[in-house]
Amino acid sequence: MAAIGVHLGCTSACVAVYKDGRADVVANDAGDRVTPAVVAYSENEEVVGLAAKQSRIRNISNTVMKVKQILGRSSDDPQALKYITESKCSVIEKNGKLRYKIDTGEETKFVNPGDVARLIFSKMKETAHSVLGSDANDVVITVPFDFGEKQKNALGEAARAAGFNVLRLIHEPSAALLAYGIGQDSPAGKSNILVFKLGGTSLSISVMEVNSGIYRVISTNTDDNIGGTQFTETLAQHLASEFQRSFKHDVRGNARAMMKLMNSADIAKHSLSTLGSANCFLDSLYEGQDFDCNVSRARFELLCSPLFNKCIEAIRALLEQSGFAADDINKGIDESGANSFTVLFPSGTPLPARRQHTLQAPGSISSVCLELYESEGKNSAKEENKFAQVILQDLNKKENGLHDILAVLTMKRDGSLHVTCTDQETGKCEAITIEVAS
């Protein structure tokens with residue numbers, strides 16, 4: 001039996017297919033495993049996904065984003081009021097219902113948020129059918145733990161309007177545990193799991209108890225002030241500062257220029273997830289002036305360090321609220337999507353984990369060797385064994401001063417260790433991956 005799983009987030013959506021005993025996330029027609037949850041309206045067509053997101057600079061007032069935040073909500077809902085204030089596409093109340101006001105020049109139409117969600121679900125169905133064929137329409141949909149009945153019903157109705165047969169709505173933290181096979185292969189015994197999700201617009205953390213294959217939410221918390229969008233905005237503000245430093249123009253008050261910077265920052269952010277640096281080039285950013293700026297991963301992480309720290313503090317606060325110490329958590333699960341970052345979990349939480357150190361080396365040298373050691377035994381009986389090294393070469397020598405080197409160690413879910421060594425001045429980077437021992 002083939003089935004489809006869909007996650008509709010505030011900024012992105014993705015689809016997985018279950019067939020022959022395994023589940024695989026399906027790439028869309030652009031080759032991406034996530035699709036922007038964006039719908040743009042023009043005079044005679046509705047565009048969904050990446051093309052809609054890319055066209056928002058010239059069609060922002062008719063481009064709907066983050067529809068999940070308003071789906072199933074009424075005008076007196078605080079979340080809806082916040083969304084209406086921030087939305088670049090006008091939202092009004094018509095006949096007691098919230099509607100998007102779309103003005104394409106030829107006509108003005110009022111679009112139900114459910115119809116926007118339907119178009120995104122249709123895009124997900126089309127992506128799934130590219131693998132399974134058109135006969136597969138059974139779907140399981142993830143929903144946030146704090147969704148009320150109205151929001152769940154609106155989401156289910158939108159999926160059914162897209163032609164899906166909705167088998168079940170499942171809470172996102174539980175879906176993450178199922179995806180990792182937690183409590184399924186070896187259901188006996190009890191364990192505590194920390195589920196971490198840094199999405200496009202919010203940070204959600206849950207402490208789950210797994211007991212004999214049964215999931216129970218012990219505590220959960222969502223912070224709407226931390227998300228991938230905030231990381232993008234931080235980078236866009238940095239680019240604006242660099243433009244002002246180079247050309248003596250402050251573009252922060254220019255909505256069109258800032259939207260261009262947000263687009264460029266968003267692309268660069270994703271590149272920096274795997275690369276040591278990213279180039280941001282914008283044609284005619286302001287008054288015909290082109291802008292070209294290179295951003296290193298080290299610089300980006302430094303800019304976003306306050307946000308990383310907020311993520312860590314949110315984890316600590318939830319553990320304290322739950323009455324747990326870090327050592328009480330048996331495993332950490334990263335549920336995050338396309339706009340996410342792996343962050344440092346408190347000591348005692350196994351995976352995924354991340355640590356960074358800023359090192360200084362004499363400016364007179366042109367290469368740096370970072371050596372990695374593991375220790376065995378306890379206290380005075382410890383033995384340290386070197387197991388890897390990273391060499392960063394061709395550094396610019398300095399007569400005075402020091403080289404600032406950022407070392408980042410990231411433990412992956414498969415147990416491998418990824419290490420990067422970056423010169424913070426030039427962005428020059430070397431990286432190695434130490435595979436898990438078999």
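The side chains of Arg316 and Glu313 meet in a salt bridge at 2.9 Å, N to O, where a salt bridge is taken as a side-chain nitrogen of Lys or Arg within 4 Å of a carboxyl oxygen of Asp or Glu. Both residues lie in helix α9 (residues 305-322), three residues apart, about one turn of the helix; helices here are DSSP runs of H or I with at least four residues, strands are runs of E with at least two, and both are numbered from the N terminus. Arg316 is partly exposed, with a relative accessible area of 44%, and Glu313 is also partly exposed, at 46%. By the convention used, buried means under 20% relative accessible area, exposed over 50%, and partly exposed in between, with a 1.4 Å probe and protein chains only.

I should say that this is a predicted model, in which local features need pLDDT of at least 70 and side-chain atom pairs count only at pLDDT 80 or more, while totals for chains, interfaces and linings use all residues. Residues are numbered from 1 along each chain as its sequence is written, and side-chain values use heavy atoms, with hydrogens and water left out.

Let me turn to two further pairs. In helix α6 (residues 228-247), Glu242 and Arg245 are three residues apart, about one helical turn, and their side chains form a salt bridge at 2.7 Å, N to O. Glu242 is buried, at 18%, whereas Arg245 is exposed, at 54%. In helix α4 (residues 149-161), Lys152 and Glu149 are likewise three residues apart, and they meet in a salt bridge at 4.0 Å, N to O; here Lys152 is buried, at 17%, and Glu149 is exposed, at 53%. The whole structure holds 16 salt bridges.

Helix α4 also brings us to the second largest pocket, because it supplies seven residues of that pocket's lining, the largest share. A pocket, on a 1 Å grid over the protein atoms alone, is an open set of points where a 1.4 Å probe fits, with protein on both sides within 12 Å along at least five of seven lines, and lining residues have an atom within 4 Å of a point. The volume of this pocket is about 540 Å³, taken as the space filled by probe spheres set on grid points joined across faces, edges and corners. Its lining has 25 residues, of which Gly72, Arg73, Lys97, Asn112 and Ala154 lie nearest the centre. They divide into seven nonpolar, eight polar and 10 charged, with Ala, Val, Leu, Ile, Met, Phe, Trp, Tyr, Cys and Pro counted as nonpolar, Asp, Glu, Lys and Arg as charged, and the others, Gly among them, as polar.
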